[in-house]
Amino acid sequence: SCAAMVGVESRAPPGRPLPGRVHCGRHSPARWPVGTLPGMRSTSRTYALPARLLPRLSLRPLVHLSDRLSMMDQPPHMIVNRLLMDSRIEVAGPLLENATSIPDQDLAGVIEEADAKKLRLLARRRKLSRALSDSLIASDNMSVLLTLVRNSHAEISPGGYLALTDYAARETELLAPLCTRADLPAPQAFE
């Protein structure tokens with residue numbers, strides 16, 4: 001009987017289910033863990049299978065997935081990390097530029113890759129912490145530095161501004177965007 005499959009002894013008369021239970025075998029909602037559907041056990045396992053399938057997807061579905069995840073408040077961590085490390089900028093780009101919920105530690109891993117295209121997209125983010133800005137400044141890539149300085153939403157530490165003024169002394173194309181930043185400290189503004 002269904003009650004035996006669910007693991008509940010039937011005390012109801014034959015042909016009548018126990019009150020408050022839906023008996024439909026292994027797909028009984030009483031057997032599902034809270035917040036899951038049949039076949040889903042936990043959040044980590046829920047996204048393990050799709051994360052393993054990512055390498056098999058073509059470019060178009062990956063770009064669409066990346067776009068959708070970049071809009072989510074809490075995207076699945078495992079899938080986001082796989083997409084961030086994708087070598088194709090079309091896949092990693094929307095997450096790097098638009099996803100505000102990605103922790104700095106994951107973005108620091110992208111900085112360590114030293115891919116100039118990814119670094120420029122990272123420098124364009126609407127929310128960029130001082131630690132990430134300092135890491136981007138340390139990349140010593142002029143196009144990344146220009147993108148970072150032109151981003152008015154990027155937070156730059158005092159030490160970052162010192163490094164940027166040193167770069168601006170050597171590279172004059174960095175001087176004008178740096179001087180027009182509203183948050184430029186006065187000591188660096190007069191150097």
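A salt bridge, as the term is used in these legends, is a side-chain nitrogen of Lys or Arg within 4 Å of a carboxyl oxygen of Asp or Glu. Searching the whole structure with that rule turns up three salt bridges. Please keep in mind that this is a predicted model. The views below start with the chain as a whole and then move in on individual residues.

**View 1. The whole chain is built with twelve helices and zero strands.** If you follow the sequence from start to end, the pattern reads α-α-α-α-α-α-α-α-α-α-α-α. The chain has 191 residues, and 36% of them are buried. Its accessible surface is about 11,800 Å², with 54% of that area belonging to carbon and sulfur atoms. Take the contacts between residues at least 6 apart in sequence: 54% of them join residues at least 24 apart.

**View 2. Asp-86 and Arg-88 form a salt bridge.** Here the closest N and O atoms are 3.0 Å apart. Side chains of opposite charge can pair when their charged atoms come close. Are the two partners buried or exposed? Asp-86 is buried, at a relative accessible area of 14%, while Arg-88 is partly exposed, at 32%.

**View 3. Glu-97 and Arg-124 are joined by a salt bridge.** The N to O distance in this pair is 2.8 Å. Which parts of the chain does the pair link? Glu-97 sits in helix α5 (residues 89–98), and Arg-124 belongs to the loop between α7 (116–123) and α8 (130–138), so distant parts of the chain, 27 residues apart, are linked by this pair. Arg-124 has a relative accessibility of 46% and counts as partly exposed.

**View 4. Glu-113 and Lys-118 make a salt bridge.** Their side chains meet with an N to O distance of 3.1 Å. Glu-113 is partly exposed, with 35% relative accessibility. Lys-118, by contrast, has a relative accessible area of 0% and is buried.

**View 5. Arg-125 is buried but has no salt bridge.** This residue is part of the loop between α7 and α8. How far away is the nearest side chain of opposite charge? That side chain is Asp-104, and it lies 6.4 Å from Arg-125. A salt bridge requires the nitrogen and oxygen to be within 4 Å, so a pair at 6.4 Å does not qualify. What does the side chain of Arg-125 reach instead? One partner is the backbone oxygen of Leu-95, at 3.4 Å. The backbone oxygen of Lys-127 also lies 3.4 Å from a polar atom of the Arg-125 side chain. Setting aside neighbours within four places in sequence, the contacts of Arg-125 include Leu-96, Glu-97, Ala-99, Thr-100 and Leu-107. Asn-151 and His-153 are also among them.

**View 6. Helix α4 (residues 77–84) has buried residues along one face.** The buried residues in this helix are Ile-79, Val-80, Leu-83 and Leu-84. Looking down the axis of α4, you would find its buried residues within an arc of 135°, which means that they line one face of the helix.

**View 7. Ala-168 is a buried residue of helix α10 (residues 158–170).** Its relative accessible area is 5%. Which residues does Ala-168 touch, not counting residues up to four places away in sequence? They are Leu-174, Leu-175 and Leu-178. Cys-179 is eleven residues from Ala-168 along the chain, and the C-alpha atoms of the two are separated by 9.7 Å.

**View 8. Ala-114 has a positive phi although it is not a glycine.** Most residues other than glycine have a negative phi. For Ala-114 the value is about 65°. You will find Ala-114 in the loop between α6 (104–113) and α7. With a relative accessibility of 55%, Ala-114 counts as exposed.

**View 9. Asp-140 is a residue other than glycine with a positive phi.** Its phi is near 60°. Where is Asp-140 found? Look in the loop between α8 and α9 (142–150). Asp-140 counts as exposed at 51% relative accessibility; the cut-off for exposed is over 50%.

Conventions:
Residues numbered from 1 in each chain as written. Predicted model: local features only at pLDDT ≥ 70, side-chain atom pairs only at ≥ 80, totals over all residues. Heavy atoms only, no water. Buried < 20%, exposed > 50% of the residue type's maximum accessible area, 1.4 Å probe, protein only. Helix = DSSP H or I, 4+ residues; strand = E, 2+ residues; numbered from the N terminus. Lys, Arg positive; Asp, Glu negative; His and termini not counted. Polar contact = N/O pair within 3.5 Å; in protein donor to acceptor, adjacent residues only side chain to side chain. Contact = heavy atoms within 4.5 Å. Areas by Shrake-Rupley, 256 points an atom, 1.4 Å probe, with all protein chains shown as cover. Arc of directions from axis to C-beta.
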